[in-house]
Amino acid sequence: MTVHPALDLVDAIVAQLADPDTLPLASRTSNRQHLAYGPPGIALLHIELAANGFGPWHRAHDWLAAASRQPFTSGPDSHPFYGAPALAHALSCAADHLPGSYQRALDALDGRIAVDVGRRLDAAHRRIDAGRLPQLAEFDAIRGLTGYGAYLLRRDPGSSTMRAVLDYCVRLTEPITHYGETLPGWWAETGPSGSLDDRFPGGHANTGMAHGIGGVLALLAIAARNGSVTDGHHAALRTILTWLDRWKQKADGGPVWPYWVTQDELRRGRLAPPAPRRPSWCYGTAGLARAQQLAALALGDASRQIDAENALVAALTDPEQLKATTDNGLCHGFAGLAHTAARTADEAHPSTARKLRAAIPAILAAVIPPGTDPELMATALIQDEECGPGLLDGAAGIALALLAPSTAAPPRSAWDTCLLIA
């Protein structure tokens with residue numbers, strides 16, 4: 001591996017996460033089924049390294065075996081980041097590079113997932129038919145149908161189940177009338193946590209990639225680019241883009257999008273003046289810029305593509321937005337910002353690709369400042385009680401997210417398709 005400060009940190013994290021049995025017992029047993037925090041997500045790190053020839057496949061297998069020592073949850077208690085679908089994502093990323101491996105397990109998991117998706121779709125359409133508003137977990141990328149769609153698009157893009165998910169996403173973009181008020185079809189009665197919240201009387205429209213319409217936009221865009229298109233597909237893309245255009249704000253550091261729109265803001269037709277917020281994958285400008293770039297590429301809209309790319313350039317170089325970024329994680333930290341930037345640069349217009357790549361070294365330096373001891377930093381990350389060794393907030397995710405921006409080479413495995421940025 002090329003010598004680079006960020007890659008030294010990757011190497012240190014990988015060495016300390018080489019063997020699942022060497023982790024403290026609490027880390028081995030808690031969140032076993034969770035892609036975000038447990039062994040399936042850590043396996044993705046070793047899968048990506050093995051696919052690149054940077055590590056042995058047995059480490060990936062050991063982590064997958066650690067994840068599957070007991071049966072995995074399926075049915076209503078599972079979702080794309082928990083239970084059978086989480087294991088399926090990790091197994092399929094390995095199987096892509098090891099033909100014939102894990103096939104029996106994947107066939108069984110895919111059968112369960114198809115049943116679960118069908119059940120969820122039936123419930124969603126009944127909800128729409130009844131004129132009720134959705135829960136975020138119905139459609140979002142972490143717990144909902146958008147996340148299932150990301151998996152199905154890789155595993156079985158021509159299936160009737162995949163088509164049904166896309167049909168649902170199109171229907172989700174249709175307006176809904178609730179107590180006489182016309183709302184976007186993805187309006188939730190709850191707060192962003194998914195629970196009723198006094199700070200969000202009347203609910204909100206979530207724009208984020210993790211829990212909002214940004215993820216739906218990305219799924220529809222990626223599907224269209226892969227040739228999976230359903231009735232009303234392009235119109236749905238434009239509906240979401242029009243919503244994002246409506247709520248885009250001009251800040252000193254460039255265009256920004258709100259994390260959500262409240263009922264009061266919807267009725268007034270304007271947002272409060274923007275305060276600097278972190279431009280992360282899960283919420284804010286970074287993830288939404290990538291989603292809009294993908295949509296523009298799907299629609300052949302070069303002007304919108306360049307605008308989205310320039311919005312990300314602005315976010316990467318705005319001191320106030322960067323100051324609001326306070327951790328290194330994949331979900332909402334500097335490592336995730338660097339990975340999103342690298343993925344966006346790979347498909348950017350030449351003029352903006354240069355600017356995006358020029359901004360990445362400073363983001364990497366924010367993750368591991370000059371003079372940092374990578375071994376000590378890796379230990380601190382893995383032992384952190386809040387973030388730990390996992391994918392979404394922890395050490396494995398940081399290591400994965402550093403690879404592409406540090407090497408200027410896209411991932412070899414499909415590990416980041418669960419984020420809907422590829």
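What follows is a short chat about reading a few features of this predicted model.

Me: Let's start with charge pairs. What should I look for, and how many salt bridges does the structure hold?
Reply: Side chains of opposite charge can pair when their charged atoms come close. In this model the count of salt bridges is 18. One of them joins Arg154 to Asp96, with 3.1 Å between the closest N and O atoms.

Me: Where do Arg154 and Asp96 lie?
Reply: Arg154 belongs to helix α8 (residues 145–155), while Asp96 sits in the loop between α5 (84–95) and α6 (103–129), so the pair ties together parts that are 58 residues apart in sequence. Arg154 is partly exposed at 23% relative accessibility, and Asp96 is partly exposed too, at 45%.

Me: Which residue does Arg290 meet in a salt bridge?
Reply: Its partner is Glu347, at 2.9 Å from N to O. This pair also links distant parts of the chain: Arg290 is in helix α13 (residues 285–299) and Glu347 is in the loop between α16 (334–346) and α17, 57 residues apart. Look at the cover on each side, too. Arg290 counts as buried, with 2% relative accessibility, whereas Glu347 is partly exposed at 28%.

Me: And the bridge between Arg343 and Asp416: are these residues buried or exposed?
Reply: Arg343 is buried, at 14% relative accessible area, and Asp416 is buried as well, at 0%. Their closest N and O atoms are 2.8 Å apart. Arg343 is in helix α16 and Asp416 in the segment after α19, 73 residues away along the chain. Salt bridges can also share partners, and here that joins Arg163, Asp167 and Asp231 into one network.

Me: What about charges on the surface: which residues gather in a patch of negative charge?
Reply: Find Asp8, Asp11, Asp373 and Glu375, which come together in such a patch. Asp8 is in helix α1 (residues 5–16) and is partly exposed, with a relative accessible area of 32%.

Me: Now cysteines. How many disulfides does a search of the whole structure find?
Reply: Zero. The check is sulfur to sulfur, and a disulfide needs the two atoms within 2.5 Å. For Cys93, the closest cysteine sulfur is that of Cys418, and at 7.5 Å it is too far for a bond. Cys169 is in no disulfide either; its nearest cysteine sulfur, again in Cys418, is 17 Å away. Cys93 is buried, with a relative accessible area of 0%, and Cys169 is buried at 0% as well.

Me: On to the backbone. Which residue other than glycine has a positive phi near 55°?
Reply: Most residues other than glycine have a negative phi, so positive values are worth a look. The one you want is Ala408. Ala408 lies in the segment after α19 (395–407) and is exposed, with 52% relative accessible area. Leu420 is another case, with a positive phi of about 60°. Leu420 also lies in the segment after α19, but Leu420 is buried, at 2% relative accessible area.

Me: Last one, on distances. What separates the C-alpha atoms of Ala365 and Thr417?
Reply: They are 26 Å apart in space, and the two residues are 52 residues apart along the chain. To find your way, start from Ala365 in helix α17 (residues 350–367). Ala365 is partly exposed, at 34% relative accessible area.

Notes
Residues numbered from 1 in each chain as written. Predicted model: local features only at pLDDT ≥ 70, side-chain atom pairs only at ≥ 80, totals over all residues. Heavy atoms only, no water. Patch = residues over 30% accessible without salt bridge, like charges linked within 9 Å, V, L, I, M, F, W, Y side chains within 5 Å. Areas by Shrake-Rupley, 256 points an atom, 1.4 Å probe, with all protein chains shown as cover. Salt bridge = Lys/Arg side-chain N within 4 Å of Asp/Glu carboxyl O. Lys, Arg positive; Asp, Glu negative; His and termini not counted. Charge placed at Lys NZ, Arg CZ, Asp CG, Glu CD. Helix = DSSP H or I, 4+ residues; strand = E, 2+ residues; numbered from the N terminus. Buried < 20%, exposed > 50% of the residue type's maximum accessible area, 1.4 Å probe, protein only.
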